[in-house]
Amino acid sequence: MSKILAAMALSLVCATSNAATAQVPLTSYVDANGFIDVQALTCAQLAGTFQEDADALSAWYSGWYNGLAKKHFLDLKKGKVVEHELIVYCKANPDRKIIEALAVVFKDERAKLGIQMK
């Protein structure tokens, strides 16, 4: 009987820990008009979403920043590297906004490449 209770308790703990790390689709963050406020998203939201949603967000942010810089090209390899670094940073800093995390990751990537900002 005690083995059965122990197995049930273990199952409950496993189920609870899986629920705590369950992934959430980006659609959970849309407003009544179907839009996501990308400046309000947190690192926890990025780190807790599905990979394809993280890819979509990363592509959007890349387009936004490249548009601001008047760059009209995509470096797919570098984009994947930056996306990975962003997710790693976000997992370590879940309370930060994604746009704040991007500034940190971009600064680190520029430093690795020897790029000096004015």
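The following exchange concerns helix packing and the nonpolar core in a predicted model.

Me: How are α3 and α5 oriented to each other?
Reply: The axes of helix α3 (residues 51-68) and helix α5 (residues 98-113) come within 12 Å and cross at roughly 70°. Angles of 65 to 115 degrees count as roughly perpendicular. Helices α3 and α5 are therefore roughly perpendicular to each other.

Me: Into which classes do the residues of the contact of α3 with α5 divide?
Reply: On α3, the contact is made by L57, Y61, W64 and Y65, and on α5 by I98, I99, L102 and F106. The residues of this contact divide into no polar, no charged and eight nonpolar.

Me: What is the make-up, by class, of the contact of α3 with α4?
Reply: The axes of α3 and α4 come within 11 Å and cross at roughly 115°, and the crossing is right-handed. Helix α3 contributes Q51, A54, D55 and S58 to the contact, while α4 contributes K80, E83 and I87. By class, the contact of α3 with α4 has two nonpolar, two polar and three charged residues.

Me: Which helix gives the most to the largest nonpolar core?
Reply: This core has 17 residues, and L46, L57, Y61, L86, C90, I98 and A101 touch the most other members. Helices α2 (43-47), α3, α4 (76-92) and α5 each supply at least two residues of the core. The helix that gives the most, with five residues, is α4.

Me: Which residues does L86 touch, not counting those up to four places away in sequence?
Reply: L86 is among the core residues that touch the most other members. With residues up to four places away in sequence not counted, L86 touches L46, I98, A101, L102 and V105.

Note on methods
Residues are numbered from 1 along each chain as its sequence is written. This is a predicted model: local features need pLDDT of at least 70, side-chain atom pairs count only at pLDDT 80 or more; totals for chains, interfaces and linings use all residues. Side-chain values use heavy atoms; hydrogens and water are left out. Axes are lines fitted to C-alpha atoms, for helices over the stretch in contact, and angles run from 0 to 180 degrees between N-to-C directions. Helices (H or I, at least four residues) and strands (E, at least two) are DSSP runs, numbered from the N terminus. Angles under 35 degrees count as roughly parallel, over 145 as roughly antiparallel, 65 to 115 as roughly perpendicular and the rest as oblique. Contact means heavy atoms within 4.5 Å. Ala, Val, Leu, Ile, Met, Phe, Trp, Tyr, Cys and Pro count as nonpolar, Asp, Glu, Lys and Arg as charged, and the others, Gly among them, as polar. A nonpolar core is a set of buried Ala, Val, Leu, Ile, Met, Phe, Trp, Tyr and Cys residues joined through side-chain atoms within 4.5 Å. Buried means under 20% relative accessible area, exposed over 50%, partly exposed in between (1.4 Å probe, protein chains only). A crossing is left-handed if the near helix is turned anticlockwise from the far one by less than a right angle, and right-handed if clockwise.
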